[in-house]
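I opened this structure to look up a few of its residues one at a time. My notes follow in the order in which I worked.

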Amino acid sequence: MRHCDVYAVASKDIVFESFDGEAVVLDLSTGKYFGFSDSGSRIWHALSSGVSAQALAGQSAGGATISMAELEGFISRLLEYGLLAPLADTPAQPVSADRLADLAQTREPIRVEVHDDLADPIHEVEEPQGWPAVKHTS
């Protein structure tokens, strides 16, 4: 078990938005972006708002019950990517019934995908077309 059970978004360079319930997280310092499965998106939102991992373990998601090992693996990846940071001595926020109901309705297992092919829309585009015509290097 981890010593810390409460997390927050690691820095102001980490921004995220949900599109049709799926979270996309962008690290502005590295240009990498991260896509989550529907269950991973719900867990990301819960963890980044101060809900403890312990409150999420044992809940239903993606057609199965979330095990603590599965949750810790997901959190380890988020920590490794620098998306979350542990908060010591911080009380956890309660998990709402609505959040748990949303989590239970997910269909996919917990997953995160990493992408580093995000082009700079100002400096890495073909002239004179502009965005989204990405400049090709040969």
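**Entry 1: a buried acid**

I looked up Asp-27 and found that this residue is buried (under 20% relative accessible area, where over 50% is exposed and in between is partly exposed, with a 1.4 Å probe and protein chains only), yet Asp-27 has no salt bridge, and the nearest side chain of opposite charge, that of Lys-32, is 7.7 Å away. A salt bridge here needs a side-chain nitrogen of Lys or Arg within 4 Å of a carboxyl oxygen of Asp or Glu; for charge, Lys and Arg count as positive and Asp and Glu as negative, while His and the chain ends are not counted.

I noted that the model is predicted, that local features need pLDDT of at least 70 and side-chain atom pairs pLDDT 80 or more, and that totals for chains, interfaces and linings use all residues. I also noted that residues are numbered from 1 along each chain as its sequence is written, and that side-chain values use heavy atoms, leaving out hydrogens and water.

Asp-27 belongs to strand S3, residues 22-27 (strands are DSSP runs of E with at least two residues, helices runs of H or I with at least four, both numbered from the N terminus). What joins the side chains of Asp-27 and Ser-29? I found a polar contact of 2.6 Å between them, the term meaning a pair of N or O atoms within 3.5 Å, of which, within protein, one must be able to donate a hydrogen and the other to accept it, with residues adjacent in sequence counted only if both atoms are side-chain atoms. Leaving aside residues up to four places away in sequence, Asp-27 touches Asp-13, Ile-14, Lys-32, Phe-34 and Tyr-81, contact being heavy atoms within 4.5 Å.

**Entry 2: the rings**

I then turned to the aromatic pairs, of which the structure holds four. Phe-34 and Tyr-81 form a tilted one, at 5.2 Å centre to centre with 35 degrees between the planes. Rings of Phe, Tyr and Trp (its six-membered ring) pair if their centres lie within 6.5 Å, and planes under 30 degrees apart count as stacked, over 60 as edge-to-face and the rest as tilted. Phe-34 is buried at a relative accessible area of 1%, whereas Tyr-81 is partly exposed at 22%. The rings of Phe-36 and Trp-44 have centres 5.6 Å apart and planes at 20 degrees, so this pair is stacked.

**Entry 3: helix H1**

Lastly I checked helix H1, residues 38-48, where nine of the 11 residues are buried, among them Trp-44.
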